[in-house]
Amino acid sequence: MLPLQTILHPTDFSDCSGYAFRLACSLARDYGARLVVLHVAEPLMAVAGEGVLMLPPTFDLELLRKQLQQLEPRNPKVQVEHRLVQGDAAAEILRLAAETKCDLIMMGTHGRTGLRRVLMGSVAEQVVRKASCPVLTVKTPQRQVSSTEEPVTAAASKEAEATR
């Protein structure tokens, strides 16, 4: 059995990250591990010719800090530490993983493929390749619709509730 004392959960506040956060909380609870929740605010960069220009931040650090603090596990026994840093997401995740001596990195992945992945890069892939500890990437499960079943829309769901 893998001894887990510290779990690092990088978040970008997406649904994928939210699902991974809930799983990380469950693991932290089951193992009695500390959970470090990290958000990396990435500055915009412009590439021109041979140079790279760092643009002024377009994010509100205080707003990000509040959003990060709202990520709390349902179980109050889970120890949570929130971290907000600026920089390259993959590099900062790896740096904090080493600094906190984490035993597992659990992160959500958007599952991009093809051109979107080439253009946007994959933070999860970089972390998986370079981390010195195990990395668990989590894709949000999607509800499967059978071939005989109509997809349920929000309007259809409300209409069905109203007729009950």
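**Reading loops, cores and a pocket**

Colleague: Where does Phe-13 sit relative to β1 and α1?

Modeller: Phe-13 is in the loop between β1 (6-10) and α1 (15-31). Please keep in mind that this is a predicted model.

Colleague: What should I look for in the backbone there, and what is phi of Phe-13?

Modeller: The general idea is that most residues other than glycine have a negative phi. In this model, phi of Phe-13 is near 70°, a positive value in a residue that is not glycine. Lys-101 also has a positive phi, near 55°, and is likewise a residue other than glycine. Lys-101 is found in the loop between α3 (89-99) and β6 (104-108).

Colleague: How do I read accessibility for those loop residues: does Lys-101 count as buried or exposed?

Modeller: The cut-offs are under 20% for buried and over 50% for exposed, with partly exposed in between. Lys-101 has a relative accessibility of 66%, so Lys-101 counts as exposed. Phe-13 has 23%, and therefore counts as partly exposed.

Colleague: And within helix α1, which residues does Ser-17 touch?

Modeller: Ser-17 lies in helix α1 and counts as buried because its relative accessibility is 3%. Setting aside residues up to four places away in sequence, Ser-17 touches His-9, Pro-10, Thr-11, Asp-12 and Gly-108.

Colleague: Let us step back to the whole fold. How many helices and strands are there in the protein chain?

Modeller: The protein chain has six helices and seven strands. Along the sequence, they follow the pattern β-α-β-β-β-α-β-α-β-α-α-β-α. Of the contacts between residues at least 6 apart in sequence, 72% join residues at least 24 apart. Buried residues account for 32% of the 164 residues, and the accessible surface comes to about 11000 Å², with 53% of that belonging to carbon and sulfur atoms.

Colleague: How should I approach the interior, and which residues of the largest nonpolar core touch the most other members?

Modeller: In soluble globular proteins, nonpolar side chains tend to be buried together. Here the largest nonpolar core has 19 residues, and Ile-7, Phe-21, Leu-35, Val-37 and Met-106 touch the most other members. At least two residues of this core come from each of α1, β2 (34-41), α2 (61-69) and β6. The largest share, five residues, is supplied by α1. There is also a second, separate core of 17 residues, which includes Leu-8, Ala-89, Cys-102 and Ala-131.

Colleague: Let us follow one core member. What is Phe-21 in contact with, leaving aside its neighbours within four places in sequence?

Modeller: Phe-21 is in contact with His-9, Leu-35, Val-37, Leu-71, Glu-72 and Pro-73. Phe-21 also helps to line the second largest pocket, which has a volume of about 230 Å³.

Colleague: Which other residues line the second largest pocket?

Modeller: Besides Phe-21, the lining includes Gly-18, Arg-22, Cys-25, Ser-26 and Arg-29, together with Glu-72, Pro-73, Arg-74, Asn-75 and Val-78. By character, the lining residues divide into four nonpolar, three polar and four charged.

Colleague: One last stop, then: how far apart are Glu-125 and Thr-109 in sequence and in space?

Modeller: They are 16 residues apart in sequence, and their C-alpha atoms are 9.1 Å apart. Glu-125 is found in helix α5 (residues 123-130). Its relative accessible area is 26%, so Glu-125 is partly exposed.

How values were computed: Residues numbered from 1 in each chain as written. Predicted model: local features only at pLDDT ≥ 70, side-chain atom pairs only at ≥ 80, totals over all residues. Heavy atoms only, no water. 1 Å grid on protein atoms, 1.4 Å probe; cavity = no way out; pocket = protein on both sides within 12 Å on 5 of 7 lines; lining within 4 Å. Points joined across faces, edges and corners; volume = space filled by probe spheres on them. Nonpolar A, V, L, I, M, F, W, Y, C, P; charged D, E, K, R; others polar. Helix = DSSP H or I, 4+ residues; strand = E, 2+ residues; numbered from the N terminus. Buried < 20%, exposed > 50% of the residue type's maximum accessible area, 1.4 Å probe, protein only. Contact = heavy atoms within 4.5 Å. Areas by Shrake-Rupley, 256 points an atom, 1.4 Å probe, with all protein chains shown as cover. Core = buried A, V, L, I, M, F, W, Y, C linked by side-chain atoms within 4.5 Å.
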